[in-house]
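Me: I would like to go through this structure with you before setting up any calculations. Could you take my questions one at a time?

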Amino acid sequence: MNPASPAAAPSGPAHYDRVTIAFHWLTALLVVGLFGLAEAWGFLPRGTPTRRLLQSLHISFGLAFAAVFVLRAAWRLTAGRRLPPAAAGWLRVAGTGMHGLLYALMAAQILLGFLFRWAQGEPFAFFGLFDVPTLIPIDREQRHFIGGLHNTVAWTIIVLALLHALAGLFHHYFLRDGVLRRMLSSR
């Protein structure tokens, strides 16, 4: 038997719990939305109200993403349903590695977002409801480096998320092992 075949993987519950599924899709929506906002304002002249609005939305949704990420990680570590690996062999290693890398990059991206904003020396607010205080003073000369890194990590996350989605489709349409259905509602 091929160690990468779905038949070599242990069987288990068909779906993740609803909270895990909700966190997964909310994370995907926020990642794509944040990336889209950042790319969109790049086409607008600096200082325009629309560009400032998109940046403000990016910051607010970025703060929401940080909260969702922390809650998702806590849920995954404590209460989320654990399913057996969908595959064995190199597919299992690749899947585990991809998830670990995406989590690490998302955590890094959140940290870089805070550092970048603090390096800009400007306050930032969550949908105008409250300001986030500067916890770590960052030298303004570092803002270009941090901003460039924030952009590079964003592109890396998007590329890896696309590969993650393509892997889910590969499992669904070619391996027919039910991996994609795990992240869909059990209804």
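**Helices, pockets and one histidine**

Reply: Helix H3 has 32 residues, and from its first C-alpha to its last it reaches 46 Å, close to the 46 Å expected at 1.5 Å a residue. Please note that the model is predicted.

Me: What follows H3?

Reply: Gly-121 follows H3, and its phi is positive, near 70 degrees.

Me: How many helices and strands are there in the protein chain, and in what order do the elements run?

Reply: The protein chain has 5 helices and 2 strands. Starting at the N terminus, the order is α-α-α-β-β-α-α.

Me: And what does the C-alpha trace span along its principal axes?

Reply: The span is about 60 × 30 × 30 Å. The protein chain has 187 residues, of which 35% count as buried. Among contacts with a separation of 6 or more, 75% are between residues 24 or more positions apart.

Me: Let us turn to pockets. What volume does the largest pocket have?

Reply: Its volume is about 1,500 Å³. The lining comprises 48 residues, and those closest to the centre are Tyr-16, His-24, Gly-95, His-99 and His-164.

Me: Which helix gives the most to that lining?

Reply: H3 does, with 12 residues. At least two residues each come from H1 (18-41), H2 (49-78), H3 (89-120), H4 (143-175) and H5 (179-182).

Me: How does the lining of the largest pocket divide by class?

Reply: There are 31 nonpolar, 11 polar and 6 charged residues in the lining of the largest pocket.

Me: Same for the second largest pocket, please. What is its volume, and which residues are closest to its centre?

Reply: The second largest pocket has a volume of about 1,100 Å³. It is lined by 35 residues, and the closest to its centre are Trp-41, His-58, Phe-116, Gln-120 and His-150. H1, H2, H3 and H4 are the elements that give two or more residues to this lining.

Me: Which of them has the largest share, and what are the classes?

Reply: H4 has the largest share, with 9 residues. The lining of the second largest pocket consists of 15 nonpolar, 12 polar and 8 charged residues.

Me: His-58 caught my attention. Where is it found, and is it buried or exposed?

Reply: His-58 is found in helix H2. It counts as buried because its relative accessibility is 15%, and the cut-off for buried is under 20%.

Me: What does the side chain of His-58 reach?

Reply: The side chain of His-58 reaches the backbone oxygen of Leu-34 at 3.1 Å. Leaving aside residues up to four places away in sequence, His-58 touches Leu-34, Leu-37, Ala-38, Trp-41 and His-150.

Me: Which residues of H1 are buried, and what do they pack against?

Reply: The buried residues of H1 include Leu-34, Leu-37 and Trp-41, along with His-24. The buried residues of H1 pack against H2, H3, H4 and H5.

Me: How many residues has H1, and what caps its N-terminal end?

Reply: H1 has 24 residues and reaches 34 Å from first C-alpha to last, close to the 34 Å expected at 1.5 Å a residue. Asp-17 caps the N-terminal end of H1, with a side-chain oxygen 3.3 Å from the backbone nitrogen of Val-19.

Technical notes. Residues are numbered from 1 along each chain as its sequence is written. This is a predicted model: local features need pLDDT of at least 70, side-chain atom pairs count only at pLDDT 80 or more; totals for chains, interfaces and linings use all residues. Side-chain values use heavy atoms; hydrogens and water are left out. On a 1 Å grid over the protein atoms alone, a cavity is a set of points where a 1.4 Å probe fits but cannot get out, and a pocket is an open set with protein on both sides within 12 Å along at least five of seven lines; lining residues have an atom within 4 Å of a point. Grid points are joined across faces, edges and corners, and a volume is the space filled by probe spheres set on the points. Helices (H or I, at least four residues) and strands (E, at least two) are DSSP runs, numbered from the N terminus. Ala, Val, Leu, Ile, Met, Phe, Trp, Tyr, Cys and Pro count as nonpolar, Asp, Glu, Lys and Arg as charged, and the others, Gly among them, as polar. The expected span of a helix is 1.5 Å times one less than its number of residues. Buried means under 20% relative accessible area, exposed over 50%, partly exposed in between (1.4 Å probe, protein chains only). Contact means heavy atoms within 4.5 Å. A polar contact is a pair of N or O atoms within 3.5 Å; within protein, one must be able to donate a hydrogen and the other to accept it, and residues adjacent in sequence count only if both atoms are side-chain atoms.
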